[in-house]
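Biologist: Please walk me through one part of this model: the long helical stretch where the rings gather, and whatever lies along the way to it. I'd like to know who touches whom and how much of each side chain is covered.

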Amino acid sequence: MEISSFVPSTDNLYKFLFVIGTFMVVFSYIYPLEKQQELELELLLYNQQVEILNNEIADLKNDVENLKKISSLTLKKLEETKKNEKNNAEKVINELQEDFNKAFNEVKRKGVEINTKDIILDYEKSRIELLKKHISSFSFIKWFFFIFGSIFLVFGLYKWFIITRVAEKLNKQKLNNNN
């Protein structure tokens, strides 16, 4: 009985190092790239939300201007109503006040909505900053996996090649000895 039958071959170890090294090199490129693309998509979404908020703010400013116009028109109508029609004045005043209150409440509701969206956008901005920090840590992981993966890949492939050549020479010697 030969001693080599008791000692496991290192051929599998070097194959394992080669495969793990290949996996690490491939992983070092794919995973950080995927995360970076995810971050870029979230940045686009954030920018879209900012644009929507800016449009809503512009609409709110227009509504405030309209409310000012309605307010000045309402005051003029009230003065005219007080001068011209004392009997029907209360009815007109109530209608004008109702219209003014609707416009005012709508502007107030939009203001609350804008504030809420502003808070959400601030959260999204901080989330994106955190994701950017994660991307830089992925850069470290990328280089770590790339360097060690390359070392494992080259070392495993080299040693596997050497062991395979030695094993082939031994097999040829056995065949020559048996003949």
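**Along the helices to the rings**

Modeller: Let's begin with Val-107, whose contacts, apart from neighbours within four places in sequence, are Leu-60, Asp-63, Val-64 and Leu-67. Bear in mind that this is a predicted model. Val-107 belongs to helix H2, and its relative accessibility is 12%. Since buried means under 20%, Val-107 gets the buried label. For a feel of the distances here, take Val-107 and Leu-175: they are 68 residues apart along the chain, and their C-alpha atoms are separated by 95 Å.

Next stop is Glu-124, also a residue of helix H2. You might look twice at this acidic side chain, because at a relative accessible area of 16% Glu-124 is buried. Setting aside neighbours within four places in sequence, Glu-124 touches Tyr-46 and Gln-49. Compare its place with that of Ile-30: the two are 94 residues apart along the chain, with 25 Å between their C-alpha atoms.

There's another glutamate to look at, this one in helix H1, which covers residues 11-84: Glu-42. Glu-42 has a relative accessibility of 16% and so counts as buried. Once neighbours within four places in sequence are left out, its contacts are Arg-127, Ile-128 and Leu-131.

Now for the rings. The model has nine aromatic pairs. One of them joins Phe-18 and Trp-160, a tilted pair with 5.8 Å centre to centre and 40 degrees between the planes. This pair links distant parts of the chain, as Phe-18 sits in helix H1 and Trp-160 in helix H2, 142 residues apart. Are these two rings buried or exposed? Neither label fits, because Phe-18 has a relative accessible area of 23% and is partly exposed, while Trp-160, at 26%, is partly exposed too.

Trp-143 and Phe-146 give you another kind of geometry: their planes stand at 90 degrees with the ring centres 5.8 Å apart, so this pair is edge-to-face. These two residues are three apart in helix H2, which means about one helical turn separates them. Phe-146 is partly exposed at 26% relative accessibility.

Stay with Trp-143 for a moment, since several features meet there. Trp-143 is part of helix H2, residues 89-178. Its relative accessibility is 46%, so Trp-143 counts as partly exposed. The charged end of Lys-142 sits over the Trp-143 ring, 5.7 Å from its centre. Trp-143 also helps make a nonpolar surface patch of about 720 Å², together with Phe-140, Phe-144, Ile-147, Phe-148, Ile-151 and Phe-155. Its 46% accessibility fits with a place there, because patch residues need over 30% relative accessible area.

Last, the cluster. Which residues do ring pairs link into a cluster? They are Phe-23, Phe-27, Phe-140, Phe-144, Phe-145 and Phe-148. Check those names against the patch and you'll meet Phe-140, Phe-144 and Phe-148 again: they help make the nonpolar surface and they are members of the ring cluster.

Terms used
Residues numbered from 1 in each chain as written. Predicted model: local features only at pLDDT ≥ 70, side-chain atom pairs only at ≥ 80, totals over all residues. Heavy atoms only, no water. Patch = residues over 30% accessible without salt bridge, like charges linked within 9 Å, V, L, I, M, F, W, Y side chains within 5 Å. Areas by Shrake-Rupley, 256 points an atom, 1.4 Å probe, with all protein chains shown as cover. Salt bridge = Lys/Arg side-chain N within 4 Å of Asp/Glu carboxyl O. Helix = DSSP H or I, 4+ residues; strand = E, 2+ residues; numbered from the N terminus. Buried < 20%, exposed > 50% of the residue type's maximum accessible area, 1.4 Å probe, protein only. Contact = heavy atoms within 4.5 Å. Phe/Tyr/Trp six-rings, centres within 6.5 Å; stacked < 30°, edge-to-face > 60°. Lys NZ or Arg CZ within 6 Å of the ring centre and 35° of its normal.
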